[in-house]
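Thanks for coming, everyone. Let me put the structure up, and then we'll walk through it chain by chain.

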Amino acid sequence: MVASYEPADEKETVEAVTEARSKGLPMEIAGGGTKRGLGRPIQAGAALSMAKLTGITLYEPAELVISAKAGTALADVEAALDEKGQQLAFEPMDYGAIYGAPAGRPSIGSVAACNLSGPRRIYAGAARDSLIGVRVVTGKGEAMKNGGRVMKNVTGYDLVKFSAGAFGTLGILTEVTFKVLPQAETTATLVFSGLDDESARTLMSEALSSPFEITGAAHLPGLLGDEARTLLRLEGFEASITYRIGELRRELRSYGAPEVLDTEASKAEWRAIRDVKPLAERVDGKALWRISTAPTRAPSLARAIRTKTDADLFYDWGGGLIWLTVPERSDAAEPVVRAAVAEAGGHATLVRASETIRAAIDVFEPLAEPVMALTRATKSVFDPDRILNPSRMYAGV
Amino acid sequence: MTDIILPPPDEGTLARRSEIIAGLRRLLPQESVISDIDERRPYETDALTAYRRLPLAVVLPETTAEVSAILRFLNAEGVKVVARGAGTSLAGGALPAEDAVVLGVAKMSKVLDINYENRTAQVQVGITNIAISQAVEHAEFFYAPDPSSQLACTLAGNIAMNSGGAHCLKYGVTTNNLLGVKAVLMDGTVVEFGGDYLDSPGYDFLGLLTGSEGQLAVVTEATVRILRKAEGARPVLMGFDSADAAGACVADIIGSGIIPVAIEYMDRPAIKVCENFAHAGYPLDVEALLIIEVEGSEEEIAFYLDKIASIAEAHKPSVVKVSQSDMESAAIWKGRKAAFGAMGRVSDYLCMDGTIPTGQLPQVLKRIGEIVESYGLGVANIFHAGDGNLHPLILYDMNDPEDLRKAEACGADILTLCVEAGGCLTGEHGVGIEKRDLMVHQFTETDLAYQMAVKGVFDPQWLLNPAKVFPLEGRPEPARAPVGKAA
């Protein structure tokens, strides 16, 4: 790298981009720098750190809204919310465990830029569903805003959602505003044991189709000889939880008698699932994939991969999310994974692999040509010279 | 006359009218192309009835392939297109133009697939909002976004405007309940964004299309989330002697950790009209009425209502009335959902749709009262209090052109006030033509330039619903010749 920038406000961010653009220097944008291993490797001539752009700028608990500068640590945002008994409902995951970095370091900007979520995705959406306002510096060195601080807003095009999940390739987020929700008073988890993938999937579908508001549904097939476990999470007031546990036990009795975890044990268990701990602990020498599909097709998708290669995996989102490790070798089993996903419908992201592999194959799901054409053309609107995280998602974008 | 300027029709297009219609007839069955003046008349306006323009022609395609053929042809001819669902837009989103073809999706109303295990429904977008819920009702499922016009409005229009509804406090708006779409670009290219799984790959084109007011593409099919109904639901009515007390009560309920499925607010004039219409048992001698609904089992409902009642006590409600039966609950909601229609029987009105930070509620309501009074007009306030989405109805006489002009100016002042209070021009109805010229109050030139540049990517000639959303001044020069692929 020949240059590095550490802007302290929006104006300095504009200046940094303007300078880098005039010098023709592509920039790698980093918040906490915890997810540099996610995406295609970037050939950057400059580094832009958001480390100095920090601070919560607005927090109105009674209005369920919080704003923070993009470099603010997620942990600081969550601590402020915690003090008022609130939370980011979409349960943003921490990639620390996957990349062997300490936990708790990601920035709030990266939460939006990578459209993070967690097990509660099935109930409360992803970051894009809670993100209600952004301030952005584009690749033309212009500051703009979209959305605002109110949760119902359809004024103009939704460039808030369009910024979420763009991995910093359309603009540098300088400030983000999220809708927040109250934390649950009580959390409980029902744990069923010994189910195969297909039975677990049916169990989760039945539970999620009940009126009992499941906020997490995951299946951990036996890893390293452990017994398979299927987990259902309930959140709310204690009286309501007790009632719903009773009803679910009755409705799901054909799957066996579940163990019940209390609030503390539940939180630990779901944090581990959120951060992919069951696989992250043995990820050396392996590549890690994240696959989103329809729950009913997930077990056969997993089977299709397993018949072709060694794979360890678990399911979240009622079966709709598969985390899967395969031997890294030279191609992270890409042809096998892509073929299985194409057959089932859905999309796969290569979350962890060597730089060489990530430079050689598609990390994100390849897009149909008309959609790829739109992708390139919208990139040109926001970053015509391709200086922001160039090719991080797709070659040439 | 009204103050909002509509661009003059393109003389060249008008001169080629019969050619264009002949071209459309070559692509579609006879009955799918409407050119007769009497048959075009029903399409000349939407729910913003002060504005009327007779379209060049109306086409009613039945398949995505037909939509693609129509758009490819009109793109090559450089003819404007206004896509239309049921025409219930309060913002003039479906208002045609004399030089535009209306593309109605009403014939594409099939349910294609329902999957209860994955909790998804795949439908054609001409289906009405309520019909999605009706299709899954026997299995105790429903489609969550519930705009007041849900009996008539289509999913197509809901996607175009990112519609909300009374229950979005808990369940979110259209964009949060949409998993995938099939859409046709202006050049005829068919694209798919998302699917029946979570998180669409690549850029969030699904999110971008939702709420783009028919300016980027014509959506033909969608996969939406369906949800299992709660075991039960019950509203409670609470009357207050002041807007301040009602507003503070809402803030305390939300601050306590309870998120009801809905918190609706009506002021005295609105209560009176709705009660006369629906006989819902609304109290008539209060300044502000809250309808708060909670869901769950009998025990859960009782628990939440108890908690809400004890929070409300500090704000001294003069009336607290829990619904005692499903019939009573239905009447309470009928009154609220019929509010706009009931008001329309009493007076002409313009329905505003700003959102404000909920903490500003009492001050903004007071200011709205002053603004309306300064114009010598009346107002009734109905809104979603939980998320600060206001619907002041400005009452006026449509037969008096001066009154309409005053009502529009009054509405503009109210919406500008919403923006100044930290909110926005529109929470769920969309910009349309109604709020087009106010966009400069909420956005900078740069903010708008990027949005318009995005339109240019999808529709380089600016043919899709072009008179809407963005002020006419300061627009980029549209591409003149058809450019083929949007790349």
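Let's start with chain A. It has 397 residues, and a compact globule of that length would have a radius of gyration near 21 Å. Chain A has 21 Å, so the two agree. One caution before we go on: this is a predicted model.

Look at the outline of chain A. Along the principal axes, its C-alpha atoms fill a box of roughly 65 × 50 × 35 Å. Inside that box there are 15 helices and 18 strands. Buried residues account for 64% of the chain. Now take contacts between residues at least 6 apart in sequence: 71% of them join residues at least 24 apart.

What about the surface? Chain A exposes about 13,500 Å², and carbon and sulfur atoms supply 47% of that. On charge, chain A carries 46 positive and 51 negative side chains. The centres of those two sets lie 3 Å apart.

Now chain B. With 487 residues, the compact globule value is near 23 Å, and chain B has 23 Å, so this chain agrees with the rule as well. Its C-alpha trace spans about 70 × 55 × 45 Å along the principal axes. The secondary structure comes to 17 helices and 18 strands. Of its residues, 62% count as buried.

For chain B, contacts between residues at least 6 apart in sequence give 71% that join residues at least 24 apart. The exposed area is about 17,000 Å², with 52% of it from carbon and sulfur atoms. There are 40 positive and 65 negative charges, and their mean positions are 4 Å apart.

Next, the interior. Which residues touch the most other members of the largest nonpolar core? From chain A they are Ile98(A), Phe178(A) and Trp323(A); from chain B they are Leu74(B), Leu155(B), Leu290(B) and Phe458(B). That core holds 237 residues. Its largest share, nine residues, comes from helix 15 of chain B, residues 401-420. Apart from it lies another core, of 26 residues, including Val286(B), Ala331(B), Phe340(B) and Ile382(B).

Let's zoom in on Ile98(A). Beyond its neighbours within four places in sequence, its contacts include Met93(A), Asp275(A), Ala280(A) and Leu288(A). Trp323(A) and Val351(A) are also among them.

That brings us to Val351(A). Find it in strand 18 of chain A, residues 346-352. Is it buried or exposed? Its relative accessibility is 1%, so Val351(A) counts as buried. Setting aside residues up to four places away, Val351(A) touches Gly37(A), Leu38(A), Tyr95(A) and Tyr99(A), among others. Ile98(A), Leu288(A) and Trp323(A) are on that list too. Phe364(A) sits 13 residues along the chain from Val351(A), with 8.8 Å between their C-alpha atoms.

Now move to Arg392(A). You'll find it in the segment after helix 15 of chain A, which covers 369-382. Arg392(A) has a relative accessible area of 7%, so it is buried. What surrounds it? Outside its four nearest places in sequence, Arg392(A) touches residues including Ile29(A), Lys35(A), Arg36(A), Arg40(A), Phe167(A) and Phe364(A). Here is a long jump in sequence: Pro41(A) and Arg392(A) are 351 residues apart along the chain, yet their C-alpha atoms are 6.4 Å apart.

One more stop in chain A: Ser117(A). Look in the loop between helix 4 (108-113) and helix 5 (121-124). At 4% relative accessibility, Ser117(A) is buried. Its contacts beyond four places in sequence include Phe90(A), Glu91(A), Pro92(A), Met93(A), Arg290(A) and Trp317(A).

Last topic: backbone angles. Most residues other than glycine have a negative phi. Two residues here are worth pulling up. Ser391(A) has a phi near 65°, a positive value in a residue other than glycine. Ser391(A) lies in the segment after helix 15 of chain A. Its relative accessibility is 18%, and the cut-off for buried is under 20%, so Ser391(A) counts as buried.

The second is in chain B. Trp462(B) is not a glycine either, and its phi is positive at about 55°. Look for Trp462(B) in the segment after helix 17, residues 445-458. It is buried too, with a relative accessible area of 6%.

That's the tour. Questions, please.

How values were computed: Residues numbered from 1 in each chain as written. Chains lettered and ligands numbered in written order. Predicted model: local features only at pLDDT ≥ 70, side-chain atom pairs only at ≥ 80, totals over all residues. Heavy atoms only, no water. Helix = DSSP H or I, 4+ residues; strand = E, 2+ residues; numbered from the N terminus. Rg over C-alpha atoms; globule rule 2.2 N^0.38 Å. Buried < 20%, exposed > 50% of the residue type's maximum accessible area, 1.4 Å probe, protein only. Contact = heavy atoms within 4.5 Å. Areas by Shrake-Rupley, 256 points an atom, 1.4 Å probe, with all protein chains shown as cover. Lys, Arg positive; Asp, Glu negative; His and termini not counted. Charge placed at Lys NZ, Arg CZ, Asp CG, Glu CD. Core = buried A, V, L, I, M, F, W, Y, C linked by side-chain atoms within 4.5 Å.
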